[in-house]
Amino acid sequence: DCVHEPYDETANPDPACDAALNRELFVTCVPVISGKYIYLFGEADLSRGVVYRENLDGSARTRLYTIDYQLGMGNSVYVENQTAYAEAKIPVVSEDNLGGVGTNKSHDLILKIDLESGVTEEISPINEQEFQSVRFLDKKGRQFYFYFSWRVLGKEDKDYSTASEYYKIYCYDMETQKTEQIFDEVELAGLSPVGMTDRALCVLDTKTMEAFEISLADKQKTKVYEPSSEKVMYFVFKDRWIVGDIVAEQFSYLDQGKLVLLPEIIGFYNMMGDYV
């Protein structure tokens, strides 16, 4: 018989239901565990994000601070030593554009957040292309790898769904706190990034769906898998290529060029860190 009455700083500061999300969280809520707390990223308004903190059992929810960025559903966040590294957006709000998470007018970036103080730092370049995104590829040792993508409309394109997509790959060093571009859109023409191994960038050919590794040392490209059908999808986890057969709805991992079935797996999502 719980009515799920949400937390409210004034009206209901200690709710009986710890699961109910309050107004600033129920549209978009990105939860992150760090130590003995859960941090909840939401929307303060169309142009700002808000961060709440609660105990692991959902009690003692407290509003900490607002930030000039927003995190959306599906954005990845990596936390280490009270520091969050997040796929985030700078909302663009104007009279003719409401902005906010999920709109093409927002500018994507990788954001570093001190969870204790709320101090933020942009660690990826800002590109104001209209249809663009930033996504983590993986973390290897003390390096973060991420890509920036954008689409460009051609003469025959009616909308962005058929437009050509371009990529740049970046590496952020957590020790030196510097970001370096390691691949550009010319080197990745016709290719789409999938993930990283310790030695290579993993990509697929967008026309043939063949899988390749591009060496980080000398940028030599090596084919690792040629599918029998174009109806496949790829992931990379713990230096393993994972191949999904879309028709059969089966996933396998590559072992010396051969597929080994992963039983009872129906999909993969958010594969950074030690766990899927």
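Trainee: Where is Gln132 found in this predicted model?

Mentor: Gln132 is found in strand 9, which covers residues 132-140.

Trainee: What makes Gln132 buried?

Mentor: The relative accessible area of Gln132 is 9%, and buried means under 20%, so Gln132 counts as buried.

Trainee: What makes the approach of the Gln132 side chain to the backbone nitrogen of Asp108 a polar contact?

Mentor: The side chain of Gln132 reaches that nitrogen of Asp108 at 3.2 Å. The limit for a polar contact is 3.5 Å, so the distance is within it.

Trainee: How many aromatic pairs does the structure hold?

Mentor: Twelve. One of them joins Phe136 and Phe144.

Trainee: Why is the pair of Phe136 and Phe144 called stacked?

Mentor: The planes are 25° apart and the centres 5.3 Å apart. Pairing needs centres within 6.5 Å, and stacking needs planes under 30 degrees apart, so both conditions are met.

Trainee: And why is the pair of Tyr225 and Tyr234 called edge-to-face?

Mentor: Their ring centres lie 6.4 Å apart, with the planes at 80°. The centres are within 6.5 Å and the angle is over 60 degrees, so the pair is edge-to-face.

Trainee: How do you know that Tyr225 and Tyr234 are buried?

Mentor: Tyr225 has 15% relative accessibility and Tyr234 has 6%. Both values are under 20%, so both residues count as buried.

Trainee: What makes Arg53 a charge over the ring of Tyr37?

Mentor: Arg53 lies over the face of Tyr37, at 4.2 Å from the ring centre. The distance limit is 6 Å, so Arg53 is within it.

Conventions. Residues are numbered from 1 along each chain as its sequence is written. This is a predicted model: local features need pLDDT of at least 70, side-chain atom pairs count only at pLDDT 80 or more; totals for chains, interfaces and linings use all residues. Side-chain values use heavy atoms; hydrogens and water are left out. Helices (H or I, at least four residues) and strands (E, at least two) are DSSP runs, numbered from the N terminus. Buried means under 20% relative accessible area, exposed over 50%, partly exposed in between (1.4 Å probe, protein chains only). A polar contact is a pair of N or O atoms within 3.5 Å; within protein, one must be able to donate a hydrogen and the other to accept it, and residues adjacent in sequence count only if both atoms are side-chain atoms. Rings of Phe, Tyr and Trp (its six-membered ring) pair if their centres lie within 6.5 Å; planes under 30 degrees apart count as stacked, over 60 as edge-to-face and the rest as tilted. A charge sits over a ring if NZ of Lys or CZ of Arg is within 6 Å of the ring centre and within 35 degrees of the ring normal.
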